[in-house]
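Visitor: I have a few minutes and a model to look at. Could you walk me through it?

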Amino acid sequence: MSLPTNSPKPRQVASTGVAGLDNILVGGLTRRRVYLIEGVPGSGKTTLALQFLIAGARAGETVLYITLSETEEELRSVADSHGWQLDGITIRELTPPETALDGDEQNTMFHPSEVELAATTKLILADVERLKPTRVVFDSLSELRLLAGSALRYRRQILALKQFFATRDCTVVLLDDMTATDHDLQMQSIAHGVILLEQLNPDYGGERRRLRVVKYRGVKFRGGYHDYVIQMGGIQVFPRLVAAEHRQLAPRAKLPSDVPALDALLGGGIEEGTSTLIVGAAGTGKSTLAAQFAAAAACRGQGAALFIFDESPETLLTRCGQLDVDLPAYVGAGQVSLQQIDPAELTPGEFVHSIRQAVEERNARVVVIDSLNGYLNAMPEERHLTIQLHELLMYLGQKGVATVLVGAHQGLIGSQMNTPVDASYLADAVILLRYFENKGEVRQAISVMKKRGSKHERTLREFRLDGGRIVVGDALRQFRGILTGVPTYDTDPLAAANKEGM
């Protein structure tokens, strides 16, 4: 005799109308519950609430917007700015009438809260009974808090509304603009779920917005902060990247650069699912070398994506065209995507989202980030850069993508050069480009300082952009101290000079 199993009932959810937020909430909002959306003015609460109701109206549900703070005209203006039609959404405007300004109409026998709160509540309940909506937005709690007059009466009113809606198959979203002097945690304890919208104002650049799910009973949601933007068409949320969610085993094939001497240095090329850091001083050819890996991938019929922070796409394509790196043709054919990133306007989450789109939607097998210095400037807080970069590289590795990172040294020559972003321990391979002096001439050297998982050459070779192509020369065995920038000769100077003239 088998014992009955108490399997949990499937959770019925209501989409928020924002795909990224639904992803964070594991499908959306559990139906027949009360939720709280908190945020300062300008953080996008009204926009998110309208998207929630529009999603319900499109699904054929009856939806209701109760507003105590904005007029119906203002709400329709918000909708027009996003190109929305509010067909199917009932808007109940409970803002004070113009007669409230008339002194003769003021109530002097009772406290205003005793009259206005009861009247407002009666109108709300009547609308719900008449329309029987499955989605309700209440905007905003700050107005109801003022009508209640006391914290005790306010809490009792909210609890009464919660019980009323619980018996009417209704999913309720309450908006709070957080304008109260003291942050009220009572509503957070009453609500089934709480979403906090934040707006940050960095010292330079545009404002940045992020959200956090403070609580969500019974659901293992994706915690932490998630960037979002408000643009034409509504709110777009970029869920925080969690590399552990994308684990998979994939073969690691060699990806040559199509420059034979460079591939010899790398032991045949870079591997799928690995990251390669190209580091060196300004002007040593880092971006050109990274572009060569992308062009080689396109030549093999694979997709590639370049994200550039430090120069314009036109400059990069012009330089590549002059060096026989056929990147312009591949960009024109759509095999390589080229996106310029503006650090002053970028949120880190939006940048990661762009990379995920290139990998998952356009099947990019090589991703170039040029440069880490620009990536650092895009971060609002420097201490989080390496953590997010680690998650990004882990994700790309598990997707079998070869990542090429460019890092610029501060300074041009000498032993005191350093980089503001030390990602060498995260990368699987490190290619170092350095200037060195030789007989009054500035020349360049290339070496592979690190490569996990396969053998590589330990030699230093001369590197130059010459004759319209990338040239990796022979090993510089006649010098020592090249990495200091001022090498010395190990052989007789005359013999070395004779050897060069052969």
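Visitor: Is V26 buried, partly exposed or exposed?
Guide: This is a predicted model, and V26 sits in the loop between helix 1 (19-24) and strand 2 (29-30). Its relative accessibility comes to 45%. Buried would need under 20% and exposed over 50%, so V26 counts as partly exposed.

Visitor: And what is the phi of V26?
Guide: V26 is not a glycine, yet its phi is positive. The value is about 60 degrees.

Visitor: Which class of exposure does D169 get?
Guide: D169 also has a positive phi without being a glycine, near 50 degrees. You'll find D169 in the loop between helix 6 (151-166) and strand 7 (171-176). With a relative accessible area of 41%, D169 is partly exposed.

Visitor: Where does S140 lie, at the end of the cis peptide bond from D139?
Guide: The bond from D139 to S140 is cis, with omega near 5 degrees. Strand 6 covers 135-139 and helix 5 covers 141-148. S140 lies in the loop between strand 6 and helix 5.

Visitor: What is omega for the cis bond from D370 to S371?
Guide: S371 has its place in the loop between strand 17 (364-370) and helix 13 (372-377). The peptide bond leading from D370 into S371 is cis. Its omega is near 15 degrees.

Visitor: Which strands stand at the edges of the open sheet of 9 strands?
Guide: Read the order, 16-15-17-18-14-19-20-21-22, with mixed pairing. Each edge strand has a single partner strand, so one side of it is left without a neighbour in the sheet. Those are strand 16 (336-340) and strand 22 (469-475).

Visitor: By how much are neighbouring strands of this sheet turned against each other?
Guide: Ignore direction and take the average over neighbouring strands of this sheet. That gives 20 degrees.

Visitor: Which residue in strand 18 stands opposite L277?
Guide: Strand 14 (residues 275-280) and strand 18 (residues 402-408) run parallel, joined by 6 bridges. Opposite L277, in strand 18, stands L405.

Visitor: How are helix 12 and helix 14 oriented to each other?
Guide: A packed helix pair is described by the angle between the axes and the distance between them. Helix 12 (residues 348-360) and helix 14 (residues 385-398) pack at about 5 degrees, with axes 12 Å apart. That angle makes helix 12, relative to helix 14, roughly parallel.

Visitor: What kinds of residues make up the contact of helix 12 with helix 14?
Guide: From helix 12 come P348, G349, V352, I355, R356, V359 and E360. They meet Q388, L392, Y395 and L396 in helix 14. The contact residues divide into 7 nonpolar, 2 polar and 2 charged.

Visitor: Zooming out, what share of the contacts between residues at least 6 apart join residues at least 24 apart?
Guide: The chain has 15 helices and 24 strands. Of its 502 residues, 50% count as buried. Among contacts between residues at least 6 apart in sequence, the share joining residues at least 24 apart is 68%.

Visitor: Where is the pLDDT below 50?
Guide: The chain's mean pLDDT is 85, and 85% of its residues reach 70 or more. One stretch falls below 50, with 11 contacts in the model beyond near neighbours in sequence. Where pLDDT is low, the predicted coordinates should not be read in detail. Here, that stretch is residues 97-115.

Methods:
Residues numbered from 1 in each chain as written. Predicted model: local features only at pLDDT ≥ 70, side-chain atom pairs only at ≥ 80, totals over all residues. Heavy atoms only, no water. Axes fitted to C-alpha atoms, helices over the stretch in contact; angles between N-to-C directions. Helix = DSSP H or I, 4+ residues; strand = E, 2+ residues; numbered from the N terminus. Parallel < 35°, antiparallel > 145°, perpendicular 65-115°, else oblique. Contact = heavy atoms within 4.5 Å. Nonpolar A, V, L, I, M, F, W, Y, C, P; charged D, E, K, R; others polar. pLDDT = per-residue confidence, 0-100. Pairing = 2+ DSSP bridges. Buried < 20%, exposed > 50% of the residue type's maximum accessible area, 1.4 Å probe, protein only.
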